[in-house]
Amino acid sequence: MITRNSLLSNDDIYLFNEGNHVRLYRHLGSHLITQDGVDGAHFAVWAPNAHKVAVVGDFNGWNGDANLLSSRESSGIWEGFIPGITNGAVYKYRIDSNIDGYRVDKADPFAVYSEVPPKRASIVWDLAYDWNDQEWMGERRQRNALDGPISIYELHIGSWMRVPEDGYRSLSYREIAPKLVDHVNSLGFTHVELMPIMEHPFFGSWGYQTTGYFAPSSRYGTPQDFMYFVDYLHQHGIGVILDWVPSHFPSDEHGLAYFDGTHLFEHADPRQGYHPDWNSYIFNYDRAEVRSFLLSSALYWLDQYHADGMRVDAVASMLYLDYSRKAGEWIPNRFGGRENLEAIEFLRQLNLTIFQEYPDVQTYAEESTAWPMVSRPVYLGGLGFGMKWDMGWMHDTLEYFSKDPIHRRFHHHELTFRMIYAFNENFVLPLSHDEVVHGKGSLLGKMPGDDWQKFANLRLLYGLMYAEPGKNLLFMGAEIGQWSEWNHDGSIDWHLLDFPLHAGIRRWLEDLNRFYRKSPALYEVDFDPSGFQWLDANDGDNSVLSFMRRAGNSDDVVVAVFNATPVPRYDYRVGVPYLGRWQEALNSDAEVYGGSGVGNFGEAETTPVPWHGQPRSLKLTLPPLGALYFRFLGNSE
């Protein structure tokens, strides 16, 4: 319980109206306090075009005349203290607008807890929680470092696992935590990324139509339950990245849209303020108070929930004024261009703020175009993100793997093109939820051939992904080779692990993650050309790729070779830098993964034959649709 007479200083109001307040959640919304010796709650809401604002709730019979708020000078903020309010009180703001007699009941934009949808009211809530993740927080900087191993497991909490014996309901935050920890740690991932858990009225939006920018979804429990979830993962060595949506918000009446009878959070002109793809509104980044609102939301999840990173959704839709619009459906910027100058400045301010406050976390941009310098510092003209999703890699690689191997020789460039731009950004290689929904089929379903070839292709895909420069992200279900695409009303098909080929996919990912995390050559120099060297990028006739990865210590080398046809290649020569023994550290065709067992018996010896620009070489057997990783064992010179 806070003891004070006001939560809003003049400085707070000044910073809010200036667009530079980054912790508004401490001042707006509802807060349990003691005022003049009386316990109750302070309420504050921004509604500059209202002539009357009241707090209505279960404590006053939803009476709009019982608890009126006062206007705070010219700030646009209405505030007031209501005695007797206790933790758990349910409320809304009843707003009477200056415009056309408009009246509406709104959920609190700064609510930290909400009723379970389809109910829509906000809940007064004390966020007190005793954290036990001090060890994780102390070493978090190295866990999120650009030169560290980052392997991300993306999931949707509501459909990761269901409870059949209890109406097929989703797991709660507290129920899922130990199960997820066991699963993620057994597979070897370093982080989880949660599809948006911020409150959203429509379950089928997967969280991407957010109404509660400060409230974890009550579908799975209380705010403390979600804190427990993050805390538990941290105590077991797993980072938590939150998917966050500052690009658009839904049109639901109780939400941000048309908040005080005017287009307060969104642009009034639909050519700027309405998103045709998602039937949602676009934030007005030119409005200072909107920037303060969004900046405060981002900092809130880092402050209150110890999030280790923020993945910013739909960045491309923010950057371009003509995104998904035809000629005449958008308004150029003041220079006549299509760039959204206000959104650009907001994204820069966002990243500067986050990294100033939390230099040990990461920000990730889901940006699908060739916008330059997304993950470069603001002082160099970049947007300031820590990393960017490589959507081009995803598209080209999946397009290649969808081809029958007999035709892959004509599409070899789809695997090699990425290296032309691979170091322009700090890239994450994503095989996310977006690739397994809306009729796109599962990853396994995209693979050509009979069942054996489909599984072999999938193992090959994962092997190539983990060897390439960049951090890795896989969506839930990828680890068991699901046949069906993701369905948010269902669950992962866990029963598939009873079948050897599916269990083999899981074992392959487990071994990939384990090898990746103990091999600095595969992660230490992800974002600089010095960490990568082609051995042969041009053997399209055989559909074979080979390259080397190096750590900061150039003696630490991994050689990776990939055969994208179902034909074994015998006596295939690959150049290497060192004379001696090379361990066949991973072979995706091993029988333990469901493969045919073709390989090099765990080891290969160099010959003094120069090859691929290297002074020595290995003569190898390449398994069908196989990925091979070799690690240098010892120098015999």
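Let me start with one pair of residues, Phe249 and Tyr281, which stand opposite each other, with Tyr281 belonging to strand β19. Before I go on, please keep in mind that what we are looking at is a predicted model. The strand that pairs with β19 here is β17, and the two run antiparallel, joined by two bridges, with β19 covering residues 280-282. They belong to an open sheet of three strands, in the order β17-β19-β18, with antiparallel pairing. The edges of that sheet are β17, at 248-249, and β18, at 274-275, each of which pairs on one side only.

Staying in this region for a moment, the loop between β18 and β19 holds Asn279, and the phi of Asn279 is near 50°, which is a positive value in a residue other than glycine. With a relative accessible area of 47%, Asn279 is partly exposed.

Now let me step back to the chain as a whole. The protein chain contains 15 helices and 32 strands, and its C-alpha atoms fill a box of roughly 90 × 60 × 45 Å along the principal axes. For 637 residues, a compact globule would be expected to have a radius of gyration near 26 Å, and the 27 Å of this chain agrees with that. Of those 637 residues, 63% count as buried. If we take the contacts with a separation of 6 or more, 72% of them are between residues 24 or more positions apart. As for the surface, the chain exposes about 23300 Å², and carbon and sulfur atoms supply 50% of that area. The chain carries 52 positive and 83 negative charges, and the mean positions of the two sets are 3 Å apart.

From there I would like to move inside, to strand β24, residues 471-475. Why can we call this strand largely enclosed by the rest of the structure? Because five of its five residues are buried, where buried means under 20% relative accessible area. In a regular strand the side chains alternate between the two faces of the sheet. In β24, Lys471, Leu473 and Phe475 point one way while Asn472 and Leu474 point the other way, and all of them are buried.

Which strands pair with β24? One of them is β10, residues 151-155, which pairs with β24 in the parallel sense over four bridges, and in that pairing Leu473 of β24 is the bridge partner of Ile152. Another is β23, residues 427-431, again parallel and again over four bridges, with Val428 standing opposite Lys471 of β24.

A residue that touches this part of the model is Met195, which sits in the loop between β13, at 191-194, and β14, at 198-199. Is Met195 buried or exposed? Its relative accessible area is 2%, so Met195 is buried. Leaving aside residues up to four places away in sequence, Met195 touches several others, among them Glu154, Leu155, His433, Phe475 and Trp486. With Leu155 the separation in sequence is 40 residues, whereas the C-alpha to C-alpha distance is 6.2 Å.

Next, consider strand β3, residues 38-46, which is mostly covered, since seven of its nine residues are buried. Strand β2, residues 29-35, pairs with β3 in the antiparallel sense over seven bridges, and the two form a hairpin with two residues between them, where Asp36 in the turn has a positive phi of about 55°. Strand β6, residues 77-83, also runs antiparallel to β3 and is joined to it by seven bridges. His42 of β3 is a convenient residue to follow by eye, as His31 stands opposite it, and so does Phe81 of β6.

I will finish with two details of the backbone that you may wish to find for yourselves. The peptide bond joining Pro117 and Pro118 is cis, with omega about 15°, and Pro118 lies in the loop between β8, at 103-106, and β9, at 122-123. The other detail is His306, which has a positive phi of about 55° although it is not a glycine. His306 is placed in the loop between α8, at 288-305, and β20, at 309-312, and at 13% relative accessibility it counts as buried.

Notes. Residues are numbered from 1 along each chain as its sequence is written. This is a predicted model: local features need pLDDT of at least 70, side-chain atom pairs count only at pLDDT 80 or more; totals for chains, interfaces and linings use all residues. Side-chain values use heavy atoms; hydrogens and water are left out. The radius of gyration is taken over C-alpha atoms; the globule rule is 2.2 Å times the number of residues to the power 0.38. Buried means under 20% relative accessible area, exposed over 50%, partly exposed in between (1.4 Å probe, protein chains only). Contact means heavy atoms within 4.5 Å. Accessible areas come from the Shrake-Rupley method with a 1.4 Å probe; for residues, only the protein chains shown count as cover. Lys and Arg count as positive and Asp and Glu as negative; His and the chain ends are not counted. The place of a charge is taken as NZ of Lys, CZ of Arg, CG of Asp or CD of Glu. Two strands pair if DSSP finds at least two bridges between them.
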